[in-house]
Structure formats: C-alpha cells, structure tokens
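Thanks, everyone. I will go through charged pairs first and then a set of annotated cysteines. Please have the sequence and the model open.

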Amino acid sequence: MQCALYDAGRCRSCQWIDQPVPQQLASKTASLHALLDGLPVAEWCTPVSGPEQGFRNKAKMVVSGSVEKPLLGMLHRDGSPEDLTDCPLYPASFYPVFAALKPFIARAGLTPYNVARKRGELKYLLLTESQLDGGLMLRFVLRSEAKLDQLRAALPALQAELPQLKVISVNIQPVHMAIMEGEQEIWLTDQRALAERFNGVPLWIRPQSFFQTNPSVAASLYATARDWVRALPVKHMWDLFCGVGGFGLHCATPEMTLTGIEIAPEAIACAKQSAEELGLHNVHFQALDSTAFATGQGAVPELVVVNPPRRGIGKPLCDYLSAMAPQWIIYSSCNAETMAKDIRALPGYRIERVQLFDMFPHTAHYEVLTLLLREG
C-alpha cells in the first residue's frame, strides 16, 4: 500500500507499511508461535487476511485547527496537528464526507478544542459506515452543550448534502484528558442504531457499543467461530464480553440456549434486537460485568466463548473456569500476549485449534481465535 502521509513522515501509525503483506503475515504468525511456545497445538489453521487498504469502517478524528479551517486527524506528541482525511485505510466513501464536514464545522460555529489552551468545543468526529447499505453514523464529541443549538440549526443542510447519514448524535466529554467520549449521549436523529449484516446475521451498531473496524476480516472471524461451534454437541453456551453479540448470534441455533454478557447497556440493546430479528428465543443477553457474572454462577455450560478487551480475562475468571471445567472454551483475542498468559492459567486444557486473523494490516497487531478442549 502506498501512503503519501507515511512517505512524507507525517504519520507512522502503519509501522509495517514498507513490508509486503505476506511478510507481515509471516511475522505475525512467528509472533503467535513464540507466544504459544510450550503449549501443544493440535492444529494451526491458515491465517486469514483481507484488503490492504480502504478496509476501515470507522474513523476517529481529532478536530484541531480553527473554526474556519478545521483539521481532522490526530495530534502528534508535541501537540502539532495532522490532517488524516487522505488516509488510504479509509474507504473512498469517507472522502466526500470529510470534505463536507469541514465547511459544516464553520457554518455551525463549532470551534475546535485547543488542548494547550483548554478552550473550544469540538473535540472529535467519529464516523462509522455500514457495509450493508452504506449508511453512516456520525458523532460529534463536544466539551459541553454550549454549541448544541447552533449544531441543531445547521444540521438539516448537512443531512440534505449527505443523505447517507442515518444516525447522528452528540457526545459530551467535559474532561481535559485524552478520553474519546463521555457518558452523556444526545440524539439528533430518530434512528439510534446503524444496521449491519455479517454472514446473514443482522447486527446493530450504537454509539457507545464496540464494533470491529475491519468488516471483511471480522465476518471471517465470526464465520469461523460458527463453524467450530456447529461441529460440537453444544446445548448451552456463554458468550462473555459479548459486545453486540457477534459471536453468540453466529453460533446459536434455535435448539441452543445462549447467555450473552457485556457491561455496556448499548451493546446489549443491539444484541437483543438482533436476536429478535433472528427469531432466537432461548437467548438471554444481560448488561453485567462478565467476570462477576461468571464467577457468581454455580455451574457452567458445555461451551464458554470469551472475547475480552486487551487486558485479557484475568486470574479470577481463569481460576473459575479451571474449577468449573466447561468442555470447550473459545478464546478470541486482540492481544495474543494476554491470551497466552490466560491459557497458561487454565490447567487441564489443551489447544485443539488456533487461527490468526489479520484484523490490523500494516501493524504488529492481530486477532486470534483459539479452541480449547478439556483434557480427560
């Protein structure tokens, strides 16, 4: 992939961009082998990759510059801004949206937040695209509600220019820290969730719910988990750290009982909506802490799926699963280092199958799916 920003030394986010993709995959595979060294693996599945560029469905843009000439991108460590609207990781459909948003910021009087001076209102623009129909979700992250009326007044012209905007909201983040969003979400459209569909499974994206940023590879990840689970005699499964329900909804059958746990209420609302559309009745999604829920149960189902944040599932949940000993555990991880640590804290299990998914091309990061089988 060619990137003018990288060539000019203006952005180094894609640190491996100079390496051909096969070489990147080989390096990531070697990394995973090293992390699992000493843990017998029955089957190493072929790594899965996707497009080299234009694959991101989400843009998280720091807004800087002036109200007349806003910059959308990032801040370097020294505080200097960098406009990233030409980043080749974004699909071509994002470029006219960025072009329309810059003059809109001026029309709405949304002064970009100045970190050094602690002044201004508009901190971030968050844009998400659905692969289903090209619909967009746009979020304005503001310091306060001071400019909310001006934003509302200017919005109809933007909606007329960009009819693909389906969901628009304002997030209030008043803290002077590098925090992407606050707790308060203010809706500017009647529609509150963006419709998506992977492998025939309806999924919904709400503003404060996590969703994978590489749809092509994410669809392969969910389909692989589905195929693995459908080959097992599972009647009841837990989907812990379930997000919007991607894994559980792919794996569930009408005869199976599915319990999905996620701490974010917005994500659980999405999962419930999808389950209803699929006609799944033996499904129970709850907004709870996954570790607290699991360790509070007196038993476990045959299968537990975990998809934790980068920190992993941690010792309390590892200890509980080791004691309760479900027949199978499927571990999906965006941080193979913490995954390997957790697997080593699960005595009595062996790795039946592992597969690498190149969710983050041109970087050292990757996703891993691992099937663990209880021994004995």
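Let me start with Glu181, which has a relative accessibility of 29% and so counts as partly exposed. Keep in mind that this is a predicted model. Glu181 forms a salt bridge with Arg139, with N and O 2.8 Å apart. Arg139 is at 2% relative accessibility, so this partner counts as buried. The two are 42 residues apart in sequence: Arg139 belongs to strand S5, residues 136–142, while Glu181 is in the loop between strand S6 (165–172) and strand S7 (184–187). Glu185 comes in as well, since salt bridges with shared partners join Arg139, Glu181 and Glu185 into one network.

How many salt bridges does the structure hold? The count is eleven. As general background, side chains of opposite charge can pair when their charged atoms come close.

Next, Arg10 and Glu82. Their closest N and O atoms are 2.7 Å apart, and the pair forms a salt bridge. This one links distant parts of the chain, 72 residues apart, with Arg10 in the loop between helix H1 (4–7) and helix H2 (21–35) and Glu82 in strand S3, residues 81–83. Is Glu82 buried or exposed? Glu82 is buried, at a relative accessible area of 11%. Arg10 has 34% and is partly exposed.

Another pair is Glu43 with Arg353, a salt bridge at 3.1 Å, N to O. Here the partners are 310 residues apart: Glu43 is in the loop between H2 and strand S1 (58–65), and Arg353 is in strand S15, residues 349–357. Glu43 is partly exposed at 37% relative accessibility, and Arg353 is also partly exposed, at 22%.

Now the cysteines. An unreviewed UniProt entry lists Cys3, Cys11, Cys14 and Cys87 under "binding site". These residues span 85 residues in sequence, but no two of their C-alpha atoms are more than 10.5 Å apart, so they gather at one spot.

Let me take two of them in turn. Cys3 sits in the segment before H1 and counts as buried, at 9% relative accessibility. Beyond its neighbours within four places in sequence, Cys3 is in contact with Ile17 and Pro88.

Cys14 lies in the loop between H1 and H2. Its relative accessibility is 12%, so Cys14 counts as buried. Which residues does Cys14 touch, not counting those up to four places away in sequence? They are Tyr6, Leu89, His362 and Thr363.

That is what I have for today.

Technical notes. Residues numbered from 1 in each chain as written. Predicted model: local features only at pLDDT ≥ 70, side-chain atom pairs only at ≥ 80, totals over all residues. Heavy atoms only, no water. Salt bridge = Lys/Arg side-chain N within 4 Å of Asp/Glu carboxyl O. Helix = DSSP H or I, 4+ residues; strand = E, 2+ residues; numbered from the N terminus. Buried < 20%, exposed > 50% of the residue type's maximum accessible area, 1.4 Å probe, protein only. UniProt positions renumbered as here; feature names shortened; annotations may be inferred. Contact = heavy atoms within 4.5 Å.
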